[in-house]
Amino acid sequence: MLPPWRKRLPPKRRKTTSCDEILDLAGGSDLEEAIKLPLIAIWRKNSFRFVGGSHDFLQLLKEAMGATHNGQRKVFVEHCKGVNGIDKVILREVRGCSAEVYLYGGQVTSWKNEYREELLFVSSKAIFKPPKAIRGGIPICFPQFGNQGSLEQHGFARNRLWSIDPDPPPFPTNNPNKAFIDLILKHSEEDMKIWPHRYEFRLRITLGPGGDLMLTSRIRNTNTDGKSFAFTFAYHTYFAVSDISEVRVEGLETLDYLDNLKDKVRFTEQGDAITFESEVDKVYLSTPTKIAILDHERKRTFVLRKDGLPDAVVWNPWDKKAKAMPDFGDDEYKHMLCVEAACVEKPIILKPGEEWRGRQEISAVPSSYCSGQLDPRKVLYTD
């Protein structure tokens with residue numbers, strides 16, 4: 001005999017609920033609390049059709065919450081092959097956010113929100129084949145940013161094969177339920193011919209519970225000859241945007257910058273926010289720890305937070321330069337913007353045994369506009 005609550009449910013209104021909906025119904029509680037939800041309350045939500053009693057509900061709830069035996073949510077780290085058989089790691093969070101990291105370059109190439117929308121730009125013409133750097137995602141510029149030195153453009157870290165760090169140092173964290181991968185890059189005999197220094201570069205890439213993406217770099221001087229070394233650095237982040245002409249950057253107004261299109265001459269930014277009508281390649285100096293990239297058409301705001309990286313690079317190649325790059329589509333400049341946490345103006349100097357840390361955290365939040373302004377303007381001034 002069917003229980004009374006099931007008899008009262010009209011057949012035409014029955015439907016099977018997705019795991020995400022069950023999780024929302026549980027309100028994000030842990031498993032022990034979620035299974036105490038009254039079945040009658042679930043029926044009243046008109047969102048779940050039982051097919052075999054409470055056992056099936058419990059199994060689906062476990063799947064939705066990614067629960068283990070002690071009620072902890074799972075996060076996923078998958079090692080697999082990417083384009084051209086290159087090793088990559090996929091980080092997943094239970095609500096559907098994800099990130100992909102190629103060991104070649106130690107490079108994030110995908111970051112998706114809970115709706116599976118791609119938040120990073122990777123060119124359709126990107127070449128996933130060494131020694132060419134991957135065009136898009138988050139390339140690591142080390143030990144040289146741009147052409148400010150004797151090395152190749154942006155240094156060599158972005159076109160070296162990184163390794164999984166077998167013994168990463170402890171990282172302080174307030175939430176143990178995060179998907180992360182620890183990578184390491186060390187000096188090689190080949191690299192020492194062009195940059196004669198010993199180093200260890202440890203990189204942790206973390207996908208947070210809310211879908212935020214954090215990159216934490218630790219670079220240590222391991223020279224045995226007593227010599228210091230200097231380097232410049234950037235997280236060369238390519239954000240995916242709907243239309244570059246509808247994008248604005250806030251947090252850099254009134255600051256000084258070096259214009260790479262004008263022989264690095266120093267200027268002061270004018271206006272309330274940065275908008276785009278032509279090629280831009282600027283290094284903003286002494287920047288705040290938080291910058292906002294507002295995509296008007298998608299009503300989305302990227303928030304970039306950084307530590308240990310005083311500068312910020314803003315770059316878009318525009319049409320002429322886009323057509324000159326073989327690994328970049330002619331019109332793709334319309335759908336990307338690089339805003340990069342960096343240390344460019346004053347190189348970092350490390351003595352033997354010293355370590356530098358630099359962190360970037362990016363998140364994507366909904367935004368609304370009022371007279372062309374972010375409303376409310378809380379992104380830059382509150383946490």
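This is a short tutorial dialogue on reading features of a predicted model.

User: Before we start, what should I know about numbering and confidence here?

Analyst: Residues are numbered from 1 along each chain as its sequence is written, and side-chain values use heavy atoms, with hydrogens and water left out. Since the model is predicted, local features need pLDDT of at least 70 and side-chain atom pairs count only at pLDDT 80 or more, while totals for chains, interfaces and linings use all residues.

User: How many helices and strands does the protein have?

Analyst: Helices (H or I, at least four residues) and strands (E, at least two) are DSSP runs, numbered from the N terminus. Here you get seven helices and 23 strands.

User: And what share of the residues counts as buried?

Analyst: Buried means under 20% relative accessible area, exposed means over 50%, and partly exposed is in between (1.4 Å probe, protein chains only). Of the 383 residues, 51% count as buried. As for surface, accessible areas come from the Shrake-Rupley method with a 1.4 Å probe, and for residues only the protein chains shown count as cover. The protein exposes about 18,500 Å², with carbon and sulfur atoms supplying 50% of that.

User: Now sheets. In what order do the nine strands of the open sheet run?

Analyst: The general idea first: strands of a sheet pair through backbone hydrogen bonds, either parallel or antiparallel. Two strands pair if DSSP finds at least two bridges between them. In this open sheet the order is β6-β7-β8-β9-β21-β18-β17-β12-β15, with antiparallel pairing. Its edge strands are β6 and β15 (274-275), each of which pairs on one side only. At the β6 end, two antiparallel bridges link β6 to β7 (residues 179-186), and Ser163 stands opposite Ile184 in β7.

User: Which residues does Thr216 contact, beyond its sequence neighbours?

Analyst: A contact means heavy atoms within 4.5 Å. Thr216 sits in strand β9 (residues 213-221), and it is buried, at a relative accessible area of 11%. Setting aside neighbours within four places in sequence, Thr216 touches Phe171, Arg202, Leu203, Arg204, Tyr235, Gly358 and Arg359. Across the protein, 65% of the contacts with a separation of 6 or more are between residues 24 or more positions apart.

User: Why is strand β19 largely enclosed by the rest of the structure?

Analyst: Because six of the six residues of β19 (residues 311-316) are buried. Look at both faces: Asp311, Val313 and Trp315 are buried on one side, and Ala312, Val314 and Asn316 on the other. For its pairing, five bridges join β19 to β16 (residues 280-284), running antiparallel, and five more antiparallel bridges join β19 to β20 (residues 336-350). Trp315 is a handy marker: its bridge partners are Asp281 and, in β20, Cys338.

User: Where are the cis peptide bonds?

Analyst: Check omega. One cis bond joins Pro130 and Pro131, with omega about 5°, and Pro131 is in the loop between β4 (107-112) and β5 (140-141). Another joins Phe142 and Pro143, with omega about 0°; Pro143 lies in the loop between β5 and β6 (163-164).

User: Lys264 and Trp318 have positive phi. Is each one buried or partly exposed?

Analyst: Neither residue is a glycine, yet Lys264 has a phi of about 60° and Trp318 also has a phi of about 60°. Lys264, in the loop between β13 (256-259) and β14 (265-268), is partly exposed at a relative accessible area of 35%. Trp318, in helix α7 (residues 318-324), is buried at 14%.
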